[in-house]
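Student: I should like to learn how to read the architecture of a protein model, beginning with its interior. Could we work through one case together?

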Amino acid sequence: HENIRLTRLIDNFLAFSRMERNKNTFIMRQVKPMQIAHCAIEAMKTKLETNGCNLNIEFEENLPLIIADFDAMTTVLTNLLDNACKYSKDDGSENNITIKIYTDNTDVCFEVRDSGIGLTPKQMKKIFNRFYQADQRLSRKAEGCGLGLSIVKFIIESHGGKIEVQSKPSIGSSFIIRVKKDECRE
C-alpha cells in the first residue's frame, strides 16, 4: 500500500512538473469511456475496500467514444476516486461513492459522487489551486500534497473539457468531468 501511495505521489509531482513547463505529452486517440472507468476502478479497488467505501457504478448503454489520452483520463478518475475515499466520513457511517458515465448533449460526462465530509463554498473556490488541501489540520487523516485536483483540472482543460463541483458540508461532493464525444463515430 505504501509503494502504491508513493508511486501515485511521484506521478503527481512529475505531472505537476510537466504542467509547469507546458510539456504535456498527451497521446490522443479514440477511447471507450467505460475502459477508462474500469482501469481507474481497478487501480483504486483495494484502497476503497480497505477504507470501507461502497462503490456504485452507473453508466448509459452504448456510450460514444471520446478523443482522449487514456492514461491521463485514467489519472483523472483515479484522483477523483482517491479523494472521494480520503475525504469519506470516519464516524462509522456508510461511505458511498458512485461513478456515473452518461451523455449530455455533445458531452460524455464522468461523475464521481461521494457521501463524505463535503466542502464549504470557500473551500470550493480554492480546491483547484496547487498545493491546496481542504483539511489544513496537522492531524489530518488524508495523505497527499494538494496537487491532485490541480492536475485533474489541467488534464481536463488540455482535453478541451470542463470540470464542475457541487458540494455541501457533511453531505458529500460531486465532481463532473465533461469531455466532447467523438462526433465521427457513435
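Student: How many residues has the largest nonpolar core, and which of them have the most contacts inside it?

Tutor: Let us begin with the general idea. In soluble globular proteins, nonpolar side chains tend to be buried together. The model before us is a predicted one. Its largest nonpolar core comprises 41 residues, and F110, F175 and I177 have the most contacts inside it.

Student: Which elements give two or more residues to this core?

Tutor: Both helices and strands do: helix 2 (33-50), helix 3 (70-86) and helix 5 (148-158), together with strand 3 (66-68), strand 4 (95-104), strand 5 (107-114), strand 6 (162-168) and strand 7 (172-180). Helix 3 gives the most, with 9 residues.

Student: What is I177 in contact with, leaving aside its neighbours within four places in sequence?

Tutor: The partners of I177 include M73, V76 and L80, then V108, C109 and F110, and also V152, I156, K162 and I163.

Student: In what order do the strands of the open sheet lie, and how are they paired?

Tutor: For a sheet, one reads the order, then the edges, then the pairing. Here 5 strands form an open sheet in the order 2-4-5-7-6, with mixed pairing. Strand 2 (53-59) and strand 6 are the edge strands, each pairing on one side only. On average, neighbouring strands are turned by 15° against each other, direction ignored. Strand 4 and strand 5 pair in the antiparallel sense over 8 bridges; K100, for instance, has E111 in strand 5 as its bridge partner.

Student: Which strands does helix 2 touch as it packs on the sheet?

Tutor: Helix 2 touches strand 2, strand 4 and strand 5, and its direction makes about 175° with that of strand 4.

Student: At what angle do the axes of helix 3 and helix 5 cross?

Tutor: A helix pair is described by distance, angle and handedness. The axes of helix 3 and helix 5 come within 9 Å and cross at roughly 145°, and the crossing is left-handed. Residues that meet there include A72, M73 and V76 in helix 3, and G148, V152 and I156 in helix 5.

Student: Why does N96 count as partly exposed?

Tutor: One compares the relative accessibility with the cut-offs: partly exposed lies between under 20% for buried and over 50% for exposed. N96 counts as partly exposed because its relative accessibility is 29%. This residue lies in strand 4, and the side chain of N96 makes a polar contact with the side chain of N54 (3.2 Å). Among the other residues in contact with N96 are N56, R113, D114 and S115.

How values were computed
Residues numbered from 1 in each chain as written. Predicted model: local features only at pLDDT ≥ 70, side-chain atom pairs only at ≥ 80, totals over all residues. Heavy atoms only, no water. Core = buried A, V, L, I, M, F, W, Y, C linked by side-chain atoms within 4.5 Å. Buried < 20%, exposed > 50% of the residue type's maximum accessible area, 1.4 Å probe, protein only. Helix = DSSP H or I, 4+ residues; strand = E, 2+ residues; numbered from the N terminus. Contact = heavy atoms within 4.5 Å. Polar contact = N/O pair within 3.5 Å; in protein donor to acceptor, adjacent residues only side chain to side chain. Pairing = 2+ DSSP bridges. Axes fitted to C-alpha atoms, helices over the stretch in contact; angles between N-to-C directions. Left-handed = near helix turned anticlockwise from the far one by under 90°.
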